[in-house]
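Let's take a walk through this structure together, starting with how the chain contacts are spread along the sequence. Keep the view open as you read.

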Amino acid sequence: MSLLFISSLQEGFGYGLLALGIYITFRILNTPDLTTDGSFGLGMAVSIVLTAAGHPVLSLAAALAAGALAGCVTGFLQTKVKIHPILAGILTMNGLYTVNLMITGGKSNVSSAAAISVFRIFEEKTGIMPEYVKAIVPFMFCAVGIAALAVFFKTRKGVAIRATGDNEDMVRASSVNADACKLTGLALGNACVALSGGIIGQSMSFFDVGYGTGMVVVGLASVIIGETIFGRRGVTAGFISAVAGSVIYRIFIALALKVELFPSYGLKLISAVIVVIALSLPAVKSWVQLRQTQKRERSRRC
Amino acid sequence: MLELREVRKTFYPGTPNEKKALNGIELHLDAGEFVTVIGSNGAGKSTLFNAIGGAFLIDSGVIQLDGRNITSMKEYKRAFDIGRLFQDTMKGTAPNMTIEENLALAYTRKAGRSFFAVNKRDKEYFRDLVKKLGLGLEDRMRTKVGQLSGGQRQAVSLLMAAIAQPKLLLLDEHTAALDPATAEKVLRITEDMIQKDKITTMMITHDIQAALRLGNRTVMMDEGRIIFDISGKEREEMTVEKLMECYEKNSRKKLENDRMLLHR
């Protein structure tokens with residue numbers, strides 16, 4: 001297999017968990033949660049610092065928990081303090097910038113290259129080549145994540161969270177605490193995002209304080225690409241298509257970089273453009289329809 | 001069953017828009033009573049329901065349900081015993097979820113413990129309930145509710161409100177947005193449900209004929225007050241014309257609500 005394809009799989013599955021997190025907050029909960037940029041960096045910071053200290057596996061669990069906590073903060077701001085969802089996310093994200101630096105002891109760059117990562121452990125146990133391991137391990141995390149989330153969103157609590165995103169009034173009328181549902185959903189989404197940050201961090205063996213910037217757009221692009229290709233269906237299909245979208249997004253980026261369509265620093269702009277194009281499709285469709293109707297009316301008049 | 005004492009609520013107090021929406025409401029409902037509520041727009045009917053349901057806290061007074069003081073209870077906690085239905089057929093259901101899932105969510109408060117929301121045991125129960133609606137929805141249990149018609153959706157909402165066997169059912173013009181034939185059908189389903197489970201019910205309607213025909217008690221509201229309250233023999237002898245007279249006498253003004261006059 002070509003190196004290009006392998007690296008796309010590595011990144012695609014690594015950021016796959018990010019796409020899952022975004023799917024939970026943007027699609028299921030139906031709230032634009034901007035905590036993501038901060039919680040991705042949070043997961044990265046926690047994971048790298050603990051890996052450097054010699055706890056690579058524990059570090060991922062810690063990243064997951066830290067992300068959940070960040071989600072809870074946003075959830076608290078949204079439901080109890082009644083701050084607008086977008087602003088609540090921005091506030092948490094901003095606060096997390098400092099928190100992330102506190103975790104690394106004020107250093108904006110931390111390397112864990114000398115320490116043993118989960119990838120190294122897997123490599124030593126199975127004897128598979130490092131390039132493949134870096135795709136297989138994130139894939140396993142995605143597979144387990146999808147399975148666990150798919151089951152969870154069929155349980156009573158899970159159905160209540162989905163309904164909260166769909167019709168909050170109806171959830172309250174059914175005597176279910178909608179605020180608690182929102183909080184749980186945000187915690188779950190950001191836990192996935194932070195875990196993604198942790199895995200990506202360990203695979204690159206470094207933490208950079210600015211790395212999380214723009215992750216919302218990357219995740220959203222993945223979710224939208226998945227939906228464009230596989231359609232909008234149930235939750236389980238949604239999770240699978242989000243991860244698949246993440247892989248396709250990476251393949252697309254890798255190809256574009258290879259033919260030097262844009263420089264490597266053009267990534268964020270391209271991500272933004274992809275999201276804009278995908279989101280503008282319905283508007284374009286109705287505009288085309290309007291033009292066609294106008295044309296028909298004109299020709300009839302003549 | 002339901003007891004309201006001196007319930008008051010003023011919106012925008014101290015401003016030129018000040019509105020005394022509830023102006024000392026006194027109401028006592030016995031268990032199993034089915035009360036129809038009439039009155040012109042702005043009389044405070046929906047505000048009364050919102051006060052009972054807990055959409056806002058009242059300024060003064062006491063609300064008791066089945067002997068429990070619920071005056072300061074949170075909305076979603078009151079919903080454990082209160083089922084509500086609105087004119088807007090979109091309000092009662094989650095459109096992107098299936099009929100099954102909607103019912104499962106509504107049933108959550110009273111269902112036995114189970115891991116999955118839609119499980120084998122409940123599924124059968126839901127199917128039976130939906131079948132009784134007689135709308136052919138029992139074969140479409142996995143259809144998204146958003147794809148149903150307004151009438152079908154309202155029937156499902158009704159089922160969702162009743163499935164948890166509430167102590168009190170509040171129906172706020174729940175058939176007003178439906179065509180006459182469908183409205184009749186939904187109304188019949190409502191009546192059957194209420195009679196079968198003996199649910200204490202309050203129903204707001206602008207159809208005075210229906211207000212007198214359905215249930216066993218009728219109250220009329222005006223300017224945040226209950227201006228009269230009839231039941232039993234007095235109610236049986238009541239006609240739409242006499243009711244109008246009563247209204248004019250009690251409120252000393254002409255009925256300004258065309259909808260009330262023109263209906264039938």
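This is a predicted model, and chain B is a good place to begin. Among its contacts between residues at least 6 apart in sequence, 69% join residues at least 24 apart. As for what those contacts are strung between, chain B has 10 helices and 10 strands. Its radius of gyration is 19 Å, close to the 18 Å that the globule rule gives for 264 residues, so chain B is as compact as a globular protein of that length. Measured out along the principal axes, its C-alpha atoms fill a box of roughly 60 × 40 × 35 Å. Of the 264 residues in chain B, 39% are buried.

Now find the sheet. Chain B has an open sheet of 6 strands, in the order 6-7-8-3-9-10 and with mixed pairing. Strand 6 (82-85) and strand 10 (225-231) sit at the edges, each pairing on one side only. From one strand to the next, the twist averages 15°. Over at the strand 10 end, strand 9 (residues 217-222) pairs with strand 10 in the antiparallel sense over 6 bridges, and B:Arg217 stands opposite B:Ser231 in strand 10. Helix 5 (residues 150-163) of chain B packs on this sheet, touching strand 6 and strand 7 (168-172). The helix direction makes about 170° with that of strand 6.

Finally, turn to where the two chains meet. The contact takes 22 residues from chain B and 18 residues from chain A. On the chain B side, helix 2 (75-78) and helix 3 (99-107) are the elements that give two or more residues, with helix 3 giving the most, 4 residues. By class, that side has 12 nonpolar, 4 polar and 6 charged residues.

How values were computed:
Residues numbered from 1 in each chain as written. Chains lettered and ligands numbered in written order. Predicted model: local features only at pLDDT ≥ 70, side-chain atom pairs only at ≥ 80, totals over all residues. Contact = placed C-beta atoms within 7 Å. Nonpolar A, V, L, I, M, F, W, Y, C, P; charged D, E, K, R; others polar. Rg over C-alpha atoms; globule rule 2.2 N^0.38 Å. Buried ≥ 20, exposed ≤ 12 C-beta atoms within 10 Å, placed from the backbone. Pairing = 2+ DSSP bridges. Axes fitted to C-alpha atoms, helices over the stretch in contact; angles between N-to-C directions.
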